[in-house]
Amino acid sequence: MASSIRPTTIALATVGALATGFLAYAVYFDHRRRTDPEFRKSLKRESRRMAKAAREEAEAQGAQQKRAIREAVSEAQEEGFPTNVEEKEAYFMNEVGQGEGLCQNEATHLDAALCFYKALKVYPQPGDLITIYDKTVPKPVLDILADMVAIDGSIPVGNFGGGFGSDAGGSTGAIDE
């Protein structure tokens, strides 16, 4: 008669051995962290290195977004804007509708802001429209739009209490290269 070991017993033994090994490593790591000054220093260096890499990555993404915003504004200005009143009205409605649809998806926030920027360019009273945007457009899209307006400079915005044209709105209004 051969005695056989059930598969569940093998699985339980394997899981138990892995858990014991993990727990032993955790105790060893904690002991070394508490008692070895060189190990603590190396952990701090590694932590600083990771934080620096994350900070540099964030700065690179910010610079890339600023370049994309500049390019989008330049392309929109090169395309031009309608001059006829009826064309302006249709263009405005089209761009606002597209912008509202695009701002639902985080991946298309730049495109949404560009649509709102184009609508702002043809609106007869941009200050009033900015006040409306301030209340209805999501903040990430509004921040991109504020950068676009700062780049353009030809849109009269003025200061609004805590809104788009003031420092309380979350944007400095200046884009650095």
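Here is a quick tour of one helix pair and the nonpolar core around it. Keep in mind that this is a predicted model. The pair to look for is helix α4, residues 109–122, and helix α6, residues 139–152.

**How the two helices meet**

- α4 and α6 pack with their axes 9 Å apart, at an angle of about 50°.
- Angles that are neither roughly parallel, roughly antiparallel nor roughly perpendicular count as oblique, and α4 and α6 are therefore oblique to each other.
- The crossing of α4 past α6 is right-handed.
- On the α4 side, the contact is made by H109, L110, A112, A113, L114, F116, Y117, L120 and K121.
- On the α6 side, P140, V141, I144, L145, M148, V149 and D152 do the job.
- Sort that contact by class and you get 13 nonpolar, one polar and two charged residues.

**The largest nonpolar core**

- This core has 27 residues, and the ones touching the most other members are F116, Y117, L120, Y133, V141, L145 and M148.
- Helices α2 (37–79), α3 (85–102), α4, α5 (126–136) and α6 each chip in at least two residues.
- α4 gives the most to this core, with eight residues.

**Two residues to click on**

- L120 touches P126, L129, I130, Y133, V149 and I155, leaving aside residues up to four places away in sequence.
- V149, one of those partners, sits in helix α6.
- Buried means under 20% relative accessible area, so V149, at 7% relative accessibility, counts as buried.
- V149 and Y117 are 32 residues apart in sequence, yet their C-alpha atoms are 7.4 Å apart in space.

Terms used:
Residues numbered from 1 in each chain as written. Predicted model: local features only at pLDDT ≥ 70, side-chain atom pairs only at ≥ 80, totals over all residues. Heavy atoms only, no water. Axes fitted to C-alpha atoms, helices over the stretch in contact; angles between N-to-C directions. Helix = DSSP H or I, 4+ residues; strand = E, 2+ residues; numbered from the N terminus. Parallel < 35°, antiparallel > 145°, perpendicular 65-115°, else oblique. Left-handed = near helix turned anticlockwise from the far one by under 90°. Contact = heavy atoms within 4.5 Å. Nonpolar A, V, L, I, M, F, W, Y, C, P; charged D, E, K, R; others polar. Core = buried A, V, L, I, M, F, W, Y, C linked by side-chain atoms within 4.5 Å. Buried < 20%, exposed > 50% of the residue type's maximum accessible area, 1.4 Å probe, protein only.
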